[in-house]
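Me: I'd like to learn how to read aromatic contacts in a protein model. Can you walk me through it with an example?

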Amino acid sequence: MSQDRGPRRPRRLEKCALISASATALSLAASGCVVVHGEREVLPSATRAEAAKALEQFTTAYNAADKAYDASLDADHTTGALAAIDSARLKAGAVNHPDGNPAHEPLELTDAKFTIPKKAGWPRWFVADTKANKGGTARWLLVFTRDGLAETWEAAYLTLVAPGKVPEFKTDRDGWAEAVPANSTDVSVPPADLSKDYTTYLRGGGKTFADGVHTSSWRALREKRSIRPGLVTQYIDEPLTNGDYAPLALRTKDGGALVFFTTRHFEKQTAARGASVPTPNKAVLALTDGEIKQSLTMEFVSNEVALDPAEGQLSVLGRVQGLTSGKGE
């Protein structure tokens, strides 16, 4: 089962004589020693060179893990929703192919555009918008985070967005973006409430979200699948907001926000007496505990990206979901 990872303690960063690139804008004290309070100074989260290096290191680690079906090989480069989804995928692959991934094709990320917010406090984070050799023409949006200068950049979110749907971001004269606080009230839904509001919408509908593939169409599909001859499917949706699952938001040029957030979903299939649950595929079986007799409960983690306007309905632009565990009864 996936778990919330609690927030990690911000670090007070002390540098003497030499300081990090992100702190060069600070004046040096006469003594030549400077104390950088990462929790207070408003600084770019990363340099553009650091962002490019983080993307390169992630891609290398991701490909090594995918080729060997070994989650330990990219564990230091993923966190949050992406880590939950990716580690489960690799675990299932290792069970079914202990000698590695026979269908491995290296991931290639190109045409990278980095949006880096200038902000105070940890975590620092930035967004990489790239092309990929997988997923068709969709743009891959990856959000990288870290909680201290000594830590490795980790990819927390991965969503795929149709070309032309990534909004323009508000930037200052130097090209640095603006992070939107989780409790911001100048958008339709505060980013901190988005996971909860989305799961509420999935259960009961409403007007908070505009119609689309990941909203009205997904609700309609689940309703259609909920009752079939000899089989009942139940859904439970839960918000995920703590620690490395916390939402992250960027200010858009029109005054709204682009918000990355996480949800958890359970799907329980129960067969009628005398019938049986459809046999799941090998990947599902690899992540399932217990014997599937009358029911199968599957747990999924999903990361979404939504446009949260200053006023009006929200649009969910992309959603990547992965099975993280199963239970047979």
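Reply: Sure. Let's begin with burial: a residue is called buried when its relative accessible area is under 20%. This is a predicted model, and here Phe58 has 3% relative accessibility, so Phe58 is buried. Tyr62 comes out at 14%, so Tyr62 is buried as well.

Me: How many aromatic pairs are there?

Reply: Rings pair up if their centres lie within 6.5 Å. That rule gives nine aromatic pairs. Take Phe58 and Tyr62: their ring centres are 5.8 Å apart with the planes at 40°, so this pair is tilted.

Me: Where do Phe58 and Tyr62 sit along the chain?

Reply: They're in helix H1, which covers residues 48–68. Phe58 and Tyr62 are four residues apart there, so about one helical turn separates them.

Me: And what about the rings of Tyr157 and Phe260?

Reply: That pair is tilted too, because the planes are at 45°, with the centres 6.0 Å apart. Tyr157 belongs to strand S8 (residues 154–161) and Phe260 to strand S12 (residues 257–271), so the pair ties together parts 103 residues apart in sequence. Both residues are buried.

Me: Which residues form one aromatic cluster?

Reply: Phe58 and Tyr62 show up again, joined by Phe114, Phe126, Phe144 and Trp153.

Me: What sits over the ring of Tyr201?

Reply: The charged end of Arg219 does, 5.7 Å from the ring centre. There's also Arg319, which lies over the face of Trp218 at 3.6 Å from the ring centre.

Conventions
Residues numbered from 1 in each chain as written. Predicted model: local features only at pLDDT ≥ 70, side-chain atom pairs only at ≥ 80, totals over all residues. Heavy atoms only, no water. Phe/Tyr/Trp six-rings, centres within 6.5 Å; stacked < 30°, edge-to-face > 60°. Helix = DSSP H or I, 4+ residues; strand = E, 2+ residues; numbered from the N terminus. Buried < 20%, exposed > 50% of the residue type's maximum accessible area, 1.4 Å probe, protein only. Lys NZ or Arg CZ within 6 Å of the ring centre and 35° of its normal.
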